[in-house]
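Biologist: I would like to learn how to read a protein model together with its ligand, one feature at a time. Could you take me through one?

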Amino acid sequence: MAQTLDFLVTGATGQLGTLVLQQLKAAAPKASIGALVRRPEAAAELESQGFTVRVASYDDPAALESALAGVAKVLLISSSEVGKRAAQHGNVIAAAEKAGVDFLAYTSILRADASPLTVLPAEHLATEKALAASGLTYALLRNGWYTENQVMGVGTALEHGALIGAAGDGRFSPAARADYAAAAVAVLTGETPERGTVYELAGDESYTLAEFAAAITELAGKPVSYVDMSQADYAAALEGAGLPAPVAGMLADSDAGAAKGGLYSEDRTLSTLIGRPTTPWRETLKAGL
Ligand SMILES: NC(=O)c1ccc[n+]([C@@H]2O[C@H](COP(=O)([O-])OP(=O)(O)OC[C@H]3O[C@@H](n4cnc5c(N)ncnc54)[C@H](OP(=O)(O)O)[C@@H]3O)[C@@H](O)[C@H]2O)c1
């Protein structure tokens, strides 16, 4: 019989997973916390930090079933393998059900069931449907945009004096990964929510890409202006810069969705859940310069 664990966090080697593990350990120092990894070589470091490592790929139903044995609460962090995710998450859900976990929280996307974005929400929605069809007690953490996504492109914007995009005047309400991690920890450590509870999570503050470019100019002391493009031209520019076509298409689709308000929210569920304002996007931008 596998050791019992209070919590198991998937995607434990990832950027969000790492933050969740650290914050979970701080919030529940006496709890037994498991980390699910797919690469056995990642185990030693996590074990040295006091986590119990279980090894399974999202592609391996049998390994997942063993990995989830004896676990009370699971955080399923969505896979980074776009295109394979619905099947992979389905494997985790089936394994969680077989293992008899008490509660599973899943990191979805803002308004997954009503989003004008056409690429990213599809696999999240399929996962949400698989959860609804399962016998699990579950909650949906519908994470908005990560501020860090936007900050990743700042070096290129500074190099060219131009931030390119296809979001028009659409507003983004992003939050930092650490904020979404804190929300996951609050849900995992709090009273188990009612089956199917949905948390629409976004930052307290918002920007248009023109405002973001103006902030880069101000904080970096170098002029950057926003250059708005059609969705097709933006996808082509990203491909031209070396991104694989599906990634370029996904990013251009996300901007086109943002132009329609798909990444904007006035919902304050995130700051309410974490008991503090979300990290100001300017702060994340400043830290990334
Ligand atoms: N809301 C947003 O703006 C936004 C932005 C980016 C990503 N996301 C989503 O949020 C998730 C977490 O973000 P992140 O920044 O932490 O991503 P990340 O750093 O790329 O981490 C992804 C994690 O998933 C694991 N993983 C990938 N494929 C797997 C598989 N087949 N089996 C088991 N584990 C697997 C990776 O393991 P390895 O270390 O072995 O690769 C890694 O631990 C992403 O995966 C993506 O779905 C959302």
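Modeller: We will go from the ligand to one helix, and then to some single residues. Please keep in mind throughout that this is a predicted model.

Biologist: Let us begin with the ligand, then: which residues around the ligand come nearest?

Modeller: The general idea is to list the shell first and then to look at single atom pairs. Here 23 residues surround the ligand, and those that come nearest are T13, L16, R39, S78 and N149. By residue class, the shell divides into six nonpolar, 11 polar and six charged residues.

Biologist: Which helices each supply at least two residues of the shell?

Modeller: Helix α1, residues 15-27, and helix α4, residues 85-99, each supply at least two residues of the shell around the ligand.

Biologist: And which atom pairs should I look at, if polar contacts with the ligand are what I am after?

Modeller: A polar contact is read here as a pair of N or O atoms within 3.5 Å. From the backbone, an N or O atom of G14 lies 2.9 Å from an oxygen atom of the ligand. From side chains, an N or O atom of E81 is 3.2 Å from a nitrogen atom of the ligand, and a polar atom of S57 lies 3.4 Å from a nitrogen atom of the ligand. As for cover, the ligand has 900 Å² of accessible area on its own, of which the protein covers 83%.

Biologist: Turning to a helix, how do I read which of its sides is buried?

Modeller: The general idea comes from the geometry of the helix: an α-helix has 3.6 residues a turn, so residues three or four places apart point the same way. Take helix α13, residues 281-288, in which the buried residues are W281, T284 and L285. Seen down the axis of α13, these buried residues fall within an arc of 100°, so they line one face of the helix. K286 and A287, by contrast, are exposed on the other side of α13.

Biologist: What covers the buried residues of α13?

Modeller: The cover includes helices α6 (147-152), α7 (154-160) and α9 (209-220).

Biologist: Just before that helix there is a loop; is T279 in it buried or exposed?

Modeller: T279, which is placed in the loop between α12 (269-274) and α13, has a relative accessible area of 19%, and it counts as buried because the cut-off is under 20%. The side chain of T279 makes a polar contact of 2.8 Å with the side chain of D179. Leaving aside neighbours within four places in sequence, T279 is in contact with A176, D179 and T284, and T284 is itself one of the buried residues of α13.

Biologist: How would I read a loop residue with an unusual backbone angle?

Modeller: As a general rule, most residues other than glycine have a negative phi. In this structure R111 has a phi near 45°, a positive value in a residue other than glycine. R111 lies in the loop between β5 (103-109) and α5 (120-133), and at 25% relative accessibility R111 counts as partly exposed.

Biologist: Finally, what does separation along the chain tell me about separation in space?

Modeller: The two have to be read separately, and three pairs, taken C-alpha to C-alpha, can serve as cases. A178, in helix α8 (residues 177-189), is 161 residues from G17 along the chain, with their C-alpha atoms separated by 9.9 Å. A178 is partly exposed, at 26% relative accessible area, and its contacts beyond four places in sequence are with L19, Q23 and R276.

Biologist: And the other two pairs?

Modeller: G257, in helix α11 (residues 245-259), is buried with a relative accessible area of 0%. G257 and D113 are 144 residues apart along the chain, and their C-alpha atoms are separated by 13 Å; G257 touches P116, L117 and G262, not counting residues up to four places away in sequence. A87, in helix α4, is exposed at 54% relative accessible area, and A87 and V187 are 100 residues apart in sequence and 25 Å apart in space.

Definitions and conventions. Residues numbered from 1 in each chain as written. Predicted model: local features only at pLDDT ≥ 70, side-chain atom pairs only at ≥ 80, totals over all residues. Heavy atoms only, no water. Near = heavy atom within 4 Å. Polar contact = N/O pair within 3.5 Å; in protein donor to acceptor, adjacent residues only side chain to side chain. Areas by Shrake-Rupley, 256 points an atom, 1.4 Å probe, with all protein chains shown as cover. Helix = DSSP H or I, 4+ residues; strand = E, 2+ residues; numbered from the N terminus. Nonpolar A, V, L, I, M, F, W, Y, C, P; charged D, E, K, R; others polar. Buried < 20%, exposed > 50% of the residue type's maximum accessible area, 1.4 Å probe, protein only. Arc of directions from axis to C-beta. Contact = heavy atoms within 4.5 Å.
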